[in-house]
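Open the structure in a viewer and keep the selection tool at hand. The tour goes from stop to stop, with something to select at each.

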Amino acid sequence: FGKNFISSENLVCTFGNKIVQAKFESNSFIKCISPTRYSSENDLEILSVSNTGFGGMVKGGLFKYRVLPSIVSIHPDVIYVGSKNEVHIVTANTMLNDTIWCKFSSLAREDHYTIKGDLRGKIVVCEAPVFFNADAISVAVSANSLEWSSSHRTLSYVERPEIFSMEPGYATTAGGIDVKFIGRRFHEQLRIRCLFGPVSVEARRFSSSDIRCQLPHYQMAVDIPVSLVLDGYSQFSTNFTFRYLTPMIVRKIEPQRGSTSGGESVIIHGSNFVDVSGLSCIFGSIWVKAVYASSRSIVCNAPASKPGFHHVRVAVLRQIQESEKDLIYETTPNVNVLEIKPTNGPERGGTPVAVFMSLPYPDDCNLFCNFGNVIVRATRYLNETESIICQSPAKAGDKTVQFFVESSCGEVVKGDFSFSYLPHIHMRSISTKFFVISNEQQPLKILGENFVD
């Protein structure tokens with residue numbers, strides 16, 4: 001820029017000892033293309049201008065050759081469609097007093113924007129333009145707004161993600177389980193973190209609609225807000241609250257024994273139980289659903305299992321809860337009643353009924369015979385563990401009652417039998433009181449009441 005420039009073929013610029021043709025724009029404005037500088041030459045040259053091509057050179061100042069600024073990285077590299085964001089560009093080959101320009105060029109369209117940046121050390125801060133369509137944008141920098149860095153970086157404009165659900169919404173303060181977020185537009189380019197209150201954890205992307213974060217440990221039982229941080233800078237609330245629960249403590253179980261076929265109701269005693277879905281009991285390695293009874297007890301149906309001893313634990317979702325001691329549940333094979341003898345007796349009771357079982361029964365379990373609604377304690381029969389004796393009680397109701405065996409260990413010894421009560425027999429007379437000794441059978445008639453076939 002100057003004055004008295006003349007439009008002629010002799011209008012030239014000199015860079016040191018190199019002369020180039022100038023382009024006349026007006027008597028106060030001309031353009032010159034700087035010549036190539038080689039590494040052995042000076043990087044600072046005197047710039048002069050002449051209207052005559054020789055002599056009469058007027059010094060225009062010093063012209064400095066320099067390496068073009070280049071881009072090392074940009075952050076963020078993902079921006080939402082329709083939003084304004086500052087882009088922080090880490091550069092190389094910039095100088096303290098440089099004026100740096102940023103250029104944002106669409107790779108799909110011819111749109112491009114040049115924006116003056118703010119140089120902060122080696123970082124240039126530029127406000128990215130607003131694009132209203134998903135697009136990939138090339139970013140370049142320049143120290144003179146004419147020559148641009150060759151090391152471009154790509155800035156992606158994407159649709160803003162949406163979140164529809166979070167599950168689960170509760171767990172104990174121990175943490176450690178996956179919390180799943182279902183939504184849409186979880187783009188591959190996004191680096192997502194979950195915020196549980198003030199605690200940040202990295203998210204894992206399973207699909208464009210599914211991300212998961214491992215729940216962090218928390219110091220106390222409390223309800224906390226959940227939010228997401230996208231690409232390290234954009235935080236938005238999910239409108240979800242996560243409930244931290246006090247850890248449960250397990251103290252004892254009852255009964256402590258059952259059959260291998262399972263199905264027995266086992267009561268787990270402890271503290272801090274809560275009425276939520278996801279309560280489970282674990283018998284060995286088998287998980288079964290638990291039913292909340294109170295803050296001090298839950299109930300589980302024992303699963304079918306192999307004979308033996310099984311550790312019992314409690315879990316909320318997949319969080320194993322603490323036990324004060326090892327809780328053991330023993331399972332034994334099913335014991336079936338094979339036969340009872342006799343199957344009837346007088347109404348006044350007192351009939352010894354022998355019960356024959358398929359397998360020995362543990363000595364530390366007491367057995368009881370049920371005659372309808374009347375229960376009597378059994379005794380071992382001749383020290384055989386497969387057989388017991390029960391004295392029939394007096395008739396208390398129906399003529400024929402269901403008969404089965406129970407155990408103090410909680411199981412019912414299976415079998416489908418009945419016991420019939422018979423009226424008391426009254427004998428009134430016999431046909432003779434004497435017999436002649438002989439080898440022949442001799443009939444004896446007994447007269448009375450309540451005989452049965």
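Two strands count as paired if DSSP finds at least two bridges between them. With that in mind, note that the model is predicted, and begin with a pair of strands.

**Stop 1: a hairpin**

Select strand β27, residues 286-294, together with β28. The two pair in the antiparallel sense, over four bridges. A hairpin of two residues takes the chain from β27 to β28. Which residue stands opposite Ser297 of β28? Ser294 does.

Now add strand β25, residues 265-271. β25 is joined to β28, residues 297-301, by five bridges, and these strands run antiparallel. Here the bridge partner of Ser297 in β28 is His269. Ser297 therefore serves as a landmark for both pairings: Ser294 stands opposite it, and so does the bridge partner His269, with two strands counted as paired from at least two bridges.

**Stop 2: an open sheet**

Next, select β7, β14, β13, β9 and β10, which in that order form an open sheet of five strands. The pairing in this sheet is mixed. Its edge strands are β7 (78-80) and β10 (112-116), each of which pairs on one side only. On average, neighbouring strands of the sheet are turned by 25 degrees against each other, direction ignored.

Zoom in on β9, residues 101-106, and β10: they run antiparallel and are joined by five bridges. Within β9 and β10, look for Lys103, which stands opposite Thr114 in β10.

**Stop 3: the largest nonpolar core**

How many residues does the largest nonpolar core have? It has 27. Select Phe181, Ile192, Cys194, Phe196, Leu215, Leu228 and Phe242, the residues with the most contacts inside this core. Several strands supply at least two residues each, among them β7, β15 (162-167), β17 (178-184) and β22 (234-245). The largest share, four residues, comes from β21. In soluble globular proteins, nonpolar side chains tend to be buried together.

**Stop 4: a loop residue**

Move to Pro247, in the loop between β22 and β23 (249-254). Pro247 has a relative accessible area of 34%, so it is partly exposed. Then select Leu367, 120 residues from Pro247 along the chain; the C-alpha atoms of the two are separated by 39 Å.

**Stop 5: a surface patch**

Finish with Ile425, Met427, Ile430, Phe435, Leu444, Ile446 and Phe451, which make a nonpolar surface patch of about 670 Å². Ile446 belongs to strand β43, residues 446-449. Is Ile446 buried or partly exposed? Ile446 is partly exposed, because its relative accessible area is 37%.

Definitions and conventions:
Residues numbered from 1 in each chain as written. Predicted model: local features only at pLDDT ≥ 70, side-chain atom pairs only at ≥ 80, totals over all residues. Heavy atoms only, no water. Axes fitted to C-alpha atoms, helices over the stretch in contact; angles between N-to-C directions. Patch = residues over 30% accessible without salt bridge, like charges linked within 9 Å, V, L, I, M, F, W, Y side chains within 5 Å. Areas by Shrake-Rupley, 256 points an atom, 1.4 Å probe, with all protein chains shown as cover. Salt bridge = Lys/Arg side-chain N within 4 Å of Asp/Glu carboxyl O. Buried < 20%, exposed > 50% of the residue type's maximum accessible area, 1.4 Å probe, protein only. Core = buried A, V, L, I, M, F, W, Y, C linked by side-chain atoms within 4.5 Å.
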